[in-house]
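Reader: I would like a close look at one part of this model, taken slowly and with its surroundings kept in view. Please choose the charged pairs along the helix that carries them, and then work outward to the rest of the chain.

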Amino acid sequence: LRSDFVFAFGTAALLVVGFGLLAWVQLLSRNEDRLIGLVAERTSAYEEAQRRAESERLKAIQASKLASLGEMAAGVAHEINNPLTVIAGMVRLLPKVADNPQKMQERVVMIERATERIAKIVGSLRKYSRSSDRRPYEKKRLAAIVSEVLILVDAKAKRHFTKVEASVDPNTVIMCDEIEMRSEEHTSELQ
């Protein structure tokens, strides 16, 4: 009798559990479309948030590049303005020293140096702007590369009351892409 009771109770319990599971399965199957829709909606919202975040990140990078370019342009303008000021001053003084050949020659030398400085700045910028082409390595004098990089970073250093000096053996030759070397130096200076 007792075993019949246990069997009947166990069977009833299994039926209750079975009906409970069946009820859950029926409930889930009725809401399956709704659950799939919710998952798709949340996935879509997540993907849209990711796209917006990436778009904002790219905008921030572009803004940073433009700010760096603006800063570089201001520095170059300042560097070119200094020699132009020397040239303008010397040209105004030329009539006053026209009767003194030695002073006249000194002024002409100062004008030549100032124009050479402007030419170096412009030349460095031209080389820097063409840095996207891939070229084979060549032997280059390190001192010449460092000298041109110093011209590019000089204005920013002055604005920060910093003096940049480099001591390079003039005979040191390296194998490199000269333009890429200048680009890397200038990129690190902008950061």
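Author: Lys59 is a good place to begin, and in this predicted model that residue counts as exposed because its relative accessibility is 52%, on the far side of the 50% cut-off. The side chain of Lys59 meets that of Glu56 in a salt bridge, with 3.6 Å from N to O, and the two residues both lie in helix α1, three residues apart, which is about one turn of the helix. Glu56, at 48% relative accessibility, counts as partly exposed.

Two further pairs in helix α1 can be read in a similar way. Glu54 forms a salt bridge with Arg57, their closest N and O atoms being 2.8 Å apart, and because these residues are three apart in helix α1, about one helical turn separates them. Glu54 is partly exposed at 35% relative accessibility, and Arg57 is partly exposed too, with a relative accessible area of 42%. Glu48 forms a salt bridge with Arg51, where the closest N and O atoms are 2.9 Å apart, and here again the spacing of three residues in helix α1 puts about one helical turn between the partners. Glu48 has a relative accessible area of 33% and is partly exposed, while Arg51, at 49% relative accessibility, counts as partly exposed. Glu48 and Arg51 are also linked with Arg52 in a network of salt bridges. As a general point, side chains of opposite charge can pair when their charged atoms come close. A search of the whole structure finds eight salt bridges, so the pairs described here are best read against that total.

The helix that holds these pairs also contributes to the nonpolar interior. The largest nonpolar core has five residues, namely Ile87, Met90, Ile111, Ala114 and Ile118; α1 (2-93) and α2 (101-129) each supply at least two of them, and α2 gives the most, with three residues. Leaving aside residues up to four places away in sequence, Ala114 touches Pro83, Val86 and Ile87. Arg107, found in helix α2, is buried, with a relative accessible area of 16%, and beyond residues up to four places away in sequence Arg107 touches Met90, Leu93, Leu94 and Val97.

Further along, the loop between α3 (142-159) and β2 (173-176) contains Lys163, which counts as exposed at 68% relative accessibility and whose side chain makes a polar contact of 3.2 Å with the side chain of Glu165. Phe161 is also found in the loop between α3 and β2; Phe161 is exposed, with a relative accessible area of 81%, and its phi is near 50°, a positive value in a residue other than glycine.

As for the chain as a whole, there are four helices and two strands, following the pattern α-α-β-α-β-α along the sequence, and 17% of the 191 residues count as buried. Confidence deserves attention when reading any of these details: the mean pLDDT of the chain is 77, and 71% of its residues reach 70 or more. Confidence is highest in β2, at 88, and lowest in helix α4 (residues 178-190), at a mean of 49; over residues 184-191 the pLDDT is below 50, and this stretch has 10 contacts in the model beyond near neighbours in sequence.

How values were computed:
Residues numbered from 1 in each chain as written. Predicted model: local features only at pLDDT ≥ 70, side-chain atom pairs only at ≥ 80, totals over all residues. Heavy atoms only, no water. Buried < 20%, exposed > 50% of the residue type's maximum accessible area, 1.4 Å probe, protein only. Core = buried A, V, L, I, M, F, W, Y, C linked by side-chain atoms within 4.5 Å. Contact = heavy atoms within 4.5 Å. Polar contact = N/O pair within 3.5 Å; in protein donor to acceptor, adjacent residues only side chain to side chain. pLDDT = per-residue confidence, 0-100. Salt bridge = Lys/Arg side-chain N within 4 Å of Asp/Glu carboxyl O.
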